[in-house]
Amino acid sequence: MSALSDFPITARWPAQHPDRIQLYSFPTPNGVKVSIALEELGLPYEAHKVTLSDADVKSDAFLSLNPNNKIPAIIDPDGPDGAPLALFESGAILIYLAEKAGALIGNTPAERYEVLQWLMFQMGGVGPMLGQLGYFYAFKGSEIEDARPRERYIGEARRLLAVVEKQLSGRDWMTGEFTIADIAIGPWLTAIEKTYKAGDVTGIRDLPNVQAYLARFAARPAVQAGCSVPPRD
Ligand SMILES: N[C@@H](CCC(=O)N[C@@H](CS)C(=O)NCC(=O)O)C(=O)O
């Protein structure tokens, strides 16, 4: 597609600023990764609220952008070679935005791979495991009598938190400098206490490096701005 208006999603969520990156999202841990990155990188964008209700995230309009029916997704009207680029999967979007802006992805090839390693650790481990913790501990699955799924994901959360605690020893951020790996990890670790009320069972309060990391993360102005994009109501 050669113009933003060629994307069917723009009929349902029209662009007021077609020259800006179009963000289709909701303020969940995966959603705010992208708004925080856009804020941190200073890239102009326009956010559209796509709620998690089937009427939005499973609409034909949204599926035309992400057949996997999950936020976040973007269209950059000024993608590679000046053509529009559509992307879903928050990890892919973070890499794209960091490379476009030339920041938050390490300064050397070796550093870049280290950032990607911790980004993949979030995408393949922290996100899926904590998502299941949320389901089986805090939400609908908490009514299931069989304790094994709950125990499994509490155990995984504790294990992953121990990995992060160790990695943060002597470092402010996962790879030293603040990068997209932190933008991916910070919102998920924040959700343990704030969204899932799982502070006790996961033992997150007993991890001093993680606690200091989350305080540093929450203090960043771009994190504060990105966390409420798009507004829920
Ligand atoms: N791996 C995907 C996961 C995205 C994801 O799970 N999004 C959730 C909200 S946090 C969603 O859109 N859920 C709606 C649904 O499953 O119907 C990513 O990182 O972008």
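This is a short tour of one sheet and two helices in a predicted model.

**Stop 1: the sheet**

Start with the four strands that form an open sheet. Their order is β2-β1-β3-β4, and the pairing is mixed. Colour β2 and β4 (85-88) next: these are the edge strands, and each pairs on one side only. Now look at how the strands lie against each other. Neighbouring strands of this sheet are turned by 15° on average, direction ignored.

**Stop 2: strand β1**

Select residues 21-25, which make up β1. Is this strand mostly covered or uncovered? It is mostly covered: five of its five residues are buried. Show the side chains. In a regular strand they alternate between the two faces of the sheet. Here Ile21, Leu23 and Ser25 point one way from β1. Gln22 and Tyr24 point the other way.

**Stop 3: the partners of β1**

Add residues 45-49, strand β2. β1 and β2 run parallel, joined by five bridges. To find the register, pick isoleucine 21: tyrosine 45 in β2 stands opposite.

Then add residues 73-76, strand β3. This pairing with β1 is antiparallel and has three bridges. Here the residue to pick is glutamine 22, which faces isoleucine 75 in β3.

Next, bring in helix α2, residues 29-41. This helix packs on the sheet and touches β1, β2 and β3. The direction of α2 makes about 155° with that of β1.

**Stop 4: helix α8**

Leave the sheet and select residues 180-194, helix α8. Try the distance between its end C-alpha atoms: they are 22 Å apart. At 1.5 Å a residue, 15 residues should span 21 Å, so the two values agree.

Now show the surroundings. Eleven of the 15 residues of α8 are buried, so the rest of the structure largely encloses this helix. Among the buried residues are Ile180, Asp182, Trp188 and Ile192.

**Stop 5: where α8 meets α10**

Add residues 208-219, helix α10. Two packed helices are described by the angle between their axes and the distance between the axes. For α8 and α10, the angle is about 110° and the axes are 10 Å apart. The two helices are therefore roughly perpendicular to each other.

Which residues make the contact? From α8, pick Asp182, Gly186, Leu189 and Thr190. From α10, pick Val210, Leu214 and Phe217. Colour them by type to finish: four are nonpolar, two polar and one charged.

Methods: Residues are numbered from 1 along each chain as its sequence is written. This is a predicted model: local features need pLDDT of at least 70, side-chain atom pairs count only at pLDDT 80 or more; totals for chains, interfaces and linings use all residues. The expected span of a helix is 1.5 Å times one less than its number of residues. A residue is buried if 20 or more other C-beta atoms lie within 10 Å of its own, exposed if 12 or fewer, and partly exposed in between; C-beta atoms are placed from the backbone. Axes are lines fitted to C-alpha atoms, for helices over the stretch in contact, and angles run from 0 to 180 degrees between N-to-C directions. Angles under 35 degrees count as roughly parallel, over 145 as roughly antiparallel, 65 to 115 as roughly perpendicular and the rest as oblique. Two residues are in contact if their C-beta atoms, placed from the backbone, lie within 7 Å. Ala, Val, Leu, Ile, Met, Phe, Trp, Tyr, Cys and Pro count as nonpolar, Asp, Glu, Lys and Arg as charged, and the others, Gly among them, as polar. Two strands pair if DSSP finds at least two bridges between them.
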